[in-house]
Amino acid sequence: MSLFDATMRPMILAAARNDRIRQTSQRTAMTRRVVERFVPGETQTDVLAATRTSLDAGMSVSIDFLGEDTTDESQATGTVDAYLALVGAMADIPETGLPAGRLEVSLKLTALGQALPRHGAKIAEENARTIAAAAHDAGVLVTVDAEDHASADERLMIVRALRRDFRDVGTVLQAYLRRTEDDCTEFAESGARIRLCKGAYAESPSVAYPTRELIDEAYLRCLRILMKGNGYPMVASHDPVIIDAAQAMADEFERTPDSWEHQMLYGIRTDEQQRLTAAGRRVRVYIPYGGEWYGYLVRRLAEKPANLGFFLRALAS
Ligand code: FAD
């Protein structure tokens, strides 16, 4: 394990949960320069402009209204309202003549109330259902993001319930969790849209593979299950080895180009997003927006040592 993975990464991820650091960072103008690299802006207008750019470049999008760890019900209701307004605005995006399913929203159940002490799961499910119904009417897809391991069972239960009414609701599975091969088998059999990522939270080795090598191997095992299955695999990775392996597996299982897709984050490996699109692959860009960007930013910083340098240089300038 590298020194960065063993020491810096857990420290940076711990900062994601530190309120004092969050408040200080959100007030600092310098931090905003770093944020802009990963988040196009705080308003719906900002995210729709970024969406337009991606659509014009032939890509699909998934929009995330930033927020997590909601502590009161009115905050969760505010998040629902933001998604309803967003989905309404997405329905008005002019038809571009490209395949259906290009517009998607990504939700975090903790932003919808999952962690509230009383009836959190029930509130989050009802809120997610309200958004899924509006998205369904607007022709917008929905994917439920994966958060920390402790919330996974409840999240997947809610996703199964949502899929009984809205078959297109997808979710994220994190290859670093030891449980994920079994989850892939279940969701691949049921024909679900599954976004497979490596995983971005600090997890204990009792539940997650501890090294990059083991995580990469697990990713490829999980991807094989999804590619072989009946669902729609969404390969959420910027890693060149994974990107090449995905195409090789798609060929092996005789998947057509419209039966799976690549996904990457806004601001990361933009050239590669364009290269894959030009090569005829489906590419979806995950675009976050909103004022609650702190947790998202910290997870991006923890993914790559160079990002931390970029952040520190911005603070020093
Ligand atoms: P890595 O091995 O980490 O990186 C490979 C290469 O990609 C790096 O060498 C670098 O060139 C580039 N790269 C990767 N990350 C960065 C970065 N931050 N900045 C600059 N360059 C970078 N995680 C969750 O836990 N839950 C989710 O719901 C979730 N949703 C996601 C949705 C999408 C569309 C994507 C792409 C990722 C999502 N993630 C999520 C994050 C994911 O778990 C990883 O932490 C992240 O994608 C980095 O892993 P990687 O596979 O890209 O490969």
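Visitor: What makes the pair formed by a backbone N or O atom of Ala-200 and an oxygen atom of the ligand a polar contact?
Guide: The two atoms lie 3.0 Å apart, and a polar contact is a pair of N or O atoms within 3.5 Å (within protein, one must be able to donate a hydrogen and the other to accept it, and residues adjacent in sequence count only if both atoms are side-chain atoms), so this pair qualifies. The model is predicted, so local features need pLDDT of at least 70 and side-chain atom pairs pLDDT 80 or more, while totals for chains, interfaces and linings use all residues. Residues are numbered from 1 along each chain as its sequence is written, and side-chain values use heavy atoms, leaving out hydrogens and water.

Visitor: Which polar side-chain atom lies 2.7 Å from an oxygen atom of the ligand?
Guide: That atom belongs to His-238, and the pair is therefore also a polar contact. Taken alone the ligand exposes 930 Å², of which the protein buries 88%, with accessible areas taken from the Shrake-Rupley method with a 1.4 Å probe.

Visitor: Why do Lys-198 and Glu-303 count as near the ligand?
Guide: Both are among the residues that come nearest, out of 26 around the ligand, and a residue is near if one of its heavy atoms lies within 4 Å.

Visitor: How do you know how the shell around the ligand divides by class?
Guide: The shell has ten nonpolar, six polar and ten charged residues, where Asp, Glu, Lys and Arg count as charged, Ala, Val, Leu, Ile, Met, Phe, Trp, Tyr, Cys and Pro as nonpolar, and the others as polar.
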